[in-house]
Amino acid sequence: MIVGKQKSLEEIWDMVKDYQKVLVFGCNTCVAICHEGGNKEAEILGSLLRIKAKQENRDMEIKTGGIERQCEHEYLDQASEAVEEADVVLSLACGAGVQFLGEKFPHKTVLPGLNTTFIGVVDAPGEFSERCQMCGECILHLTGGICPIARCSKSLMNGPCGGSNNGSCEINPDIPCAWQLIHERLEAQGRGHLIDVFIPPKNWITSRAGGPRNQKREDVAT
Amino acid sequence: MQYLKTLLVKVDIDPERLEMYNLSAAMGPKWMEICTEFTERIKKLGPSPIWWAEHDHKKKESD
Amino acid sequence: MSEYKSGSNLEKVLKSGQFAFTGECGPPEGADVEHLKEKASHLKGCVDAVNVTDNQTAVARMSSWAASLILLQEGLEPNFQMVCRDRNRLAMQSDILGVYAHGIRNMLCLSGDHQRFGDHPEAKNVFDLDSMQLIYTVKSMRDEGKFLSGKEIKGRPKFFIGAACNPFAEPFALRVRRLAKKIGVGADFIQTQCIYNMDKFREFMKQVVDLGLHEKCYILAGITPMKSLGMARYMASKVPGMDVPDSLIERLKGAGKGKVAEEGIRFALEQIEELKEMPGVSGVHLMAIEWEHRVPEIAERAGMLPRPQVS
């Protein structure tokens, strides 16, 4: 899922304070799972902004709302009424959702309330970590199911480097050394020899480095 | 509650102004105790920033 | 016809079977090269080649290739270094051709410390290639005469290819296998991370010799003399992948005030004596950063002078 973190209240306030009618709009899929941008979080943020507006003596009408996902037309259609009424929309969706909402209502100012951070998993309630870098050429079959591009700080394909420190990455003890994990996993599966196999220079064309990507399913596209 | 208090701090409201108590309808004396104590607490804290904001606003309007 | 891969001085010394002795020099944090030339002057004649670091610890300095050229002008043989953190494969291949054209003959291929350690932590890193893929690239350019694209190179860069090895990082079990992998993709010589735990290093070298790796690649043992107790403690606790035995710290403590540096040098000299005789070890790489003025003395006391002249 996509993980994001709500911008600071100061930053958000700074973006919306000069508008009169503000709509705080949540997205109830990925960013709701990480408790940052869901419809519930939109209501909470709306309340905080109303308190702030009162304290700063600004006559503002702050409304809240949300839809299931901001990245699909069928849900965005439901947002029309609320969006049209507002002067500005503070979208709490991930970067894709904020943009898509903006594309649907190009005459409206749509602002990002979240900093979208990574594709990750829920390790434990309230704890999320990065797993995938969307490189477009998955090598998980060679690395025991652990991605070195996403989880090694240097994205080494023939790791570990000399800084692997007691199972942790040298830059942060909270980050496990991905190649230590790969080594242990492969050994446990009886595939330890894979670490000795040289992985040649990667083709980055399929990653973001090759340009913005798109994809079409001929059998589904109209 | 912890979380709510952190949110209050973000809008410059003293988290001491918010508290949750659990009691049943039959606990009259306890209820009186809590009310008294909490009123004291708030009296000590004085008007909230929201009161001040509205107060200043009304004052400006009447000036 | 030369049987050498590069014909560099370092290669010639190693190939002749003599014990090699290399040094290290950091480029300046500015365009002023006076201090660099001064450091070089101390090293001249004491070492077979000098490592020139590449934005070491991710701190911006004059690039390795530029400082290497200056060292070349000063009459030393540089070990040009390239890290994978700052350049993509295009920039790497073009720099490889450029420095070769200017007379550089030794090249070390390293991953590079993560930029979060350095003075530009907000920078975007590259890591288009990793160190192993870089070794592979230089070897392809040298031996097959091809760019990574497959296109033919007119005028091959014939480098003596080096890499780094850290026998002390975890997991220990992987360290020899990783060394074998680097040699497999084309490393001609290896410099290890600085050694303080001689027991562990002996064990490591035994595995290396058992696998016959020392016959395919020259291994130089890294030595950094401890200048102070503070340095020893710092290395022991703050530097990832560094193994400093308590016994060494005790020894340095016992030396007494003002005498720690000398004790550190004495320890280094004892290490060098043992390394000269250790099977599989072809030389020593002395890292005396910002202590270059002590290198002539250390080289003398270690019996490294005069350096061999191989024609």
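This report walks through a predicted model, chain by chain and contact by contact.

## How the chains meet

Let's start with who touches whom. Of the 2 pairs of chains that touch, chains A and C have the most contacts. On that interface, 24 residues of chain A meet 26 residues of chain C. Chain A's side of the contact with chain C is made up of 10 nonpolar, 11 polar and 3 charged residues.

Chain A also meets chain B, and here the contact takes 8 residues from chain A and 9 residues from chain B. On the chain B side, two helices, α1 (2-10) and α3 (49-62), supply at least two residues each. The largest share comes from α3(B), with 5 residues. Sorted by kind, the side of chain B that touches chain A has 5 nonpolar, 1 polar and 3 charged residues.

That leaves chains B and C, which do not touch. Their nearest C-alpha atoms are 27 Å apart.

## Chain A: two domains and a sheet

Chain A splits into domain 1, covering 2-118, and domain 2, covering 135-209. Measuring between C-alpha centres, domain 1 of chain A and domain 2 of chain A lie 37 Å apart.

Now for a sheet in chain A. Four strands line up in the order β3-β2-β4-β5, with parallel pairing, and the sheet is open. At the edges sit β3 (61-67) and β5 (109-112) of chain A, each pairing on one side only. From one strand to the next, the twist averages 25 degrees.

Look at the pairing of β2 (residues 21-27) with β4 (residues 88-91) in chain A: these strands run parallel and 4 bridges join them. As a spot to find by eye, V22(A) stands opposite V88(A) in β4(A).

Two helices of chain A lie across this part of the sheet. Helix α1 (residues 9-16) of chain A lies across β2, β4 and β5 of chain A, and its direction is at about 160 degrees to β4(A). Helix α6 (residues 95-104) of chain A lies across β2, β4 and β5 of chain A too, running at about 175 degrees to β5(A).

## Backbone spots worth a look

Some background helps here: most residues other than glycine have a negative phi, and most peptide bonds are trans. The table gathers some places in this model that go the other way.

| Where | What to see | Value |
|---|---|---|
| H35(A) | positive phi, not a glycine | about 55 degrees |
| M134(A) | positive phi, not a glycine | near 50 degrees |
| G159(A) to P160(A) | cis peptide bond | omega near 0 degrees |
| L305(C) to P306(C) | cis peptide bond | omega about -5 degrees |

Where do these residues sit? H35(A) is in the loop between α2 (30-33) and α3 (39-55) of chain A. H35(A) counts as partly exposed because it has 15 other C-beta atoms within 10 Å, a number between the cut-offs of 12 or fewer for exposed and 20 or more for buried.

M134(A) belongs to the loop between β7 (127-132) and α7 of chain A. With 12 C-beta neighbours inside 10 Å, M134(A) counts as exposed.

As for the two prolines, P160(A) is in the loop between α7 (148-151) and β8 (168-169) of chain A. P306(C) is in the segment after α11 (295-301) of chain C.

## A helix in chain B

Over in chain B, helix α2 covers residues 28-45, which is 18 residues. At 1.5 Å a residue the helix should span 26 Å, and its end C-alpha atoms are indeed 26 Å apart, so the two agree.

How many of the 18 residues of α2(B) are buried? The count is 0, and α2(B) is hardly covered. After α2(B) comes G46(B), with a positive phi near 80 degrees.

## A strand pair in chain C

To finish, take strand β2 (residues 49-52) of chain C. A49(C) and N51(C) point one way from this strand, V50(C) and V52(C) point the other way, and all are buried. Strand β1 (residues 20-25) of chain C runs parallel to β2(C), and 4 bridges join the two. One pairing to look for is E24(C), whose bridge partner in β2(C) is N51(C).

Methods: Residues numbered from 1 in each chain as written. Chains lettered and ligands numbered in written order. Predicted model: local features only at pLDDT ≥ 70, side-chain atom pairs only at ≥ 80, totals over all residues. Contact = placed C-beta atoms within 7 Å. Nonpolar A, V, L, I, M, F, W, Y, C, P; charged D, E, K, R; others polar. Domains from an automatic or database assignment. Expected span 1.5 Å × (residues − 1). Pairing = 2+ DSSP bridges. Axes fitted to C-alpha atoms, helices over the stretch in contact; angles between N-to-C directions.
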